[in-house]
Amino acid sequence: MLLRSLNRQAVARGDDIPDAVRIGDTTLSRGDVLAAATSVAERVSHADRVAILATPSVTTVLAVVGCLIAGVTAVPVPPDSGPAELEHILRDSGSQAWLGEAPADSAGLPVVPVRVHARSWHSYPEPPDSATAFVLYTSGTTGPPKGVLISRKAIATNLDALAEAWQWTSDDTLVHGLPLFHLHGLVLGVLGPLRIGSRLVHTVKPSPAAYAAARGTMYFGVPTVWSRIADDPDSACALSGARLLVSGSAPLPVPVFEKIRELTGLAPIERYGMSETMLTLSTRADGERRPGWVGVPVRGVETRLRDEHGGDVPHDGESIGGLQVRGSMFFDGYLGRPEATAASFTEDGYFETGDVAVIDPDGFHRIVGRASTDLIKSGGFRIGAGEVEASLLGHPSVREAAVVGVPDPDLGQRLVGFVVGENISEPDLIEHVAAELSVHKRPREIRVVESLPRNALGKVQKKLLL
Ligand code: MLC
Ligand code: AMP
């Protein structure tokens with residue numbers, strides 16, 4: 001059973017907790033989640049695939065759980081998606097309806113409501129392990145986002161491996177305020193508690209004060225969240241009673257790690273993953289936590305380093321190579337893109353992460369960076385330079401555009417657009433991107449230049465822009 005804690009016999013026996021899920025001001029028991037989500041399942045079970053406007057709300061949780069009960073594939077949609085992005089996700093995913101809230105422009109799709117107070121105790125057979133639970137949209141270096149197919153089996157396998165690594169049990173209360181349309185906030189951060197049976201407190205926004213007020217045992221955050229907590233000593237000190245502070249989705253700067261340890265007495269757990277592979281590496285609750293390192297493979301995962309010719313790179317703690325991972329909880333491919341899927345695996349079944357790493361003789365991993373400057377992580381969001389460049393080039397005053405991730409103390413990387421053209425107005429250009437794409441894909445800054453540095457083949461030399 002994927003969501004083990006939502007067990008109707010246990011709930012009927014009175015084995016329930018009144019505050020299993022809290023999002024903002026709304027609190028639901030396990031019985032509430034099960035009965036309301038089963039009622040969602042009844043309304044949606046005739047569909048194959050539905051879009052969910054993934055606001056940080058109980059509606060989103062019930063919509064997702066309803067889909068999992070009914071065996072319907074859920075497509076979480078970022079609630080701030082711009083029109084072009086929204087149109088792409090709906091068309092590419094083949095979503096048949098909106099489940100729960102719908103955006104102002106519902107694109108002609110029917111809307112199936114989610115009623116928080118509805119109750120059903122209808123019984124559904126557990127869908128097969130191989131069924132696709134989610135299509136998660138994530139950026140590549142070029143083109144619009146690709147749909148990553150995630151099976152129920154991948155989710156169950158990875159959550160159990162993480163529970164083992166982090167000693168995560170039903171005694172825990174997980175706290176976070178991450179978006180509910182990505183692996184981190186949704187799959188780990190909502191389905192994790194519902195499988196393992198821990199309480200969940202979702203703070204709607206991941207602000208230091210909200211984390212401090214929540215009094216959890218485990219906290220999830222992206223490095224930007226930890227960096228903001230490190231800058232707010234009162235909030236940080238309030239976390240000192242927790243068991244684990246977990247950071248991931250982007251590199252945790254060593255000074256932030258040290259500051260958090262100093263203020264809370266807890267060395268953060270760092271873990272590494274991708275939408276395509278789930279979480280593959282982590283430091284362990286019972287193991288070493290080394291600043292700047294993301295730990296060892298989780299159960300069921302193998303890793304190796306390869307040079308640009310496919311040759312072995314030694315695991316000596318110094319030699320740098322492309323990180324390849326193999327495991328039993330990976331995605332089932334990019335929706336409708338068999339060539340892209342095939343291209344991301346080696347012949348012997350390793351996934352090429354695109355990250356560059358070192359591995360020490362004890363199997364500890366350090367992520368050095370990304371092989372391509374075209375995949376940017378800003379505030380933990382993965383952003384393809386190509387998608388933003390295409391948007392900038394769609395503006396009539398822009399002739400050439402190059403988007404890079406400039407180091408930023410708060411966001412890790414900050415999106416900067418270098419453009420060549422006539423009569424360029426920075427606010428207009430940012431507004432133009434905002435009208436097409438979601439908020440975090442907007443450049444923070446536009447720099448107008450005479451020309452872009454190119455090599456002899458005409459390719460933009462982004463490293464020179466940085
Ligand atoms: C943002 N703003 C802009 C702007 N960009 N305004 C003008 N121009 C731009 N270019 C606005 C925002 O809308 C916001 O407005 C305000 O500026 C502050 O934005 P911000 O600096 O981005 O901060 P914030 O909104 O607080 O976001 C920071 C954050 C967010 C950490 C909360 O980045 C976040 O939720 N990150 C999580 C990403 C994540 O979950 N990734 C996991 C991927 S899965 P206003 O009005 O709202 O204040 C994965 C796998 C794995 O990676 O390993 O986990
Ligand atoms: P996403 O597709 O949004 O799931 O992003 C996956 C990418 O996030 C990885 O390929 C890494 O570049 C980055 N990432 C995730 N976790 C970490 C981490 N702990 N340290 C460094 N980079 C990370």
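**Environments of ligands 1 and 2**

In this predicted model, ligand 1 is surrounded by 21 residues, of which S249, R271, K377, G379 and R444 are the closest. Oxygen atoms of ligand 1 are approached by polar side-chain atoms of two of these residues: K377 at 2.7 Å and R444 at 2.8 Å. A polar backbone atom of R442 lies 3.2 Å from a nitrogen atom of ligand 1. The protein buries 71% of the 1,100 Å² that ligand 1 exposes when taken alone. At least two residues of the shell around ligand 1 are supplied by each of helix 6 (183–196), helix 8 (223–230) and strand 13. The composition of this shell by class is 8 nonpolar, 7 polar and 6 charged residues.

Around ligand 2 there are 15 residues, and those that come nearest are R271, S275, D355, R370 and R382. R271 is thus named among the closest residues for ligand 1 and among the nearest for ligand 2. A polar backbone atom of R271 is 2.7 Å from a nitrogen atom of ligand 2. Contacts to oxygen atoms of ligand 2 come from a backbone N or O atom of S275, at 2.8 Å, and from a polar side-chain atom of D355, at 2.6 Å. On its own, ligand 2 has 500 Å² of accessible area, and the protein covers 93% of this. Two elements, strand 13 (269–274) and strand 19 (365–370), give two or more residues to the shell around ligand 2; strand 13 gives the most, with 4 residues. By class, this shell consists of 6 nonpolar, 4 polar and 5 charged residues. Strand 13 therefore contributes to the shell around ligand 1 as well as to that around ligand 2.

Technical notes: Residues are numbered from 1 along each chain as its sequence is written. Chains are lettered from A and ligands numbered from 1 in the order in which they are written. This is a predicted model: local features need pLDDT of at least 70, side-chain atom pairs count only at pLDDT 80 or more; totals for chains, interfaces and linings use all residues. Side-chain values use heavy atoms; hydrogens and water are left out. A residue is near a molecule or strand if one of its heavy atoms lies within 4 Å of it. A polar contact is a pair of N or O atoms within 3.5 Å; within protein, one must be able to donate a hydrogen and the other to accept it, and residues adjacent in sequence count only if both atoms are side-chain atoms. Accessible areas come from the Shrake-Rupley method with a 1.4 Å probe; for residues, only the protein chains shown count as cover. Ala, Val, Leu, Ile, Met, Phe, Trp, Tyr, Cys and Pro count as nonpolar, Asp, Glu, Lys and Arg as charged, and the others, Gly among them, as polar.
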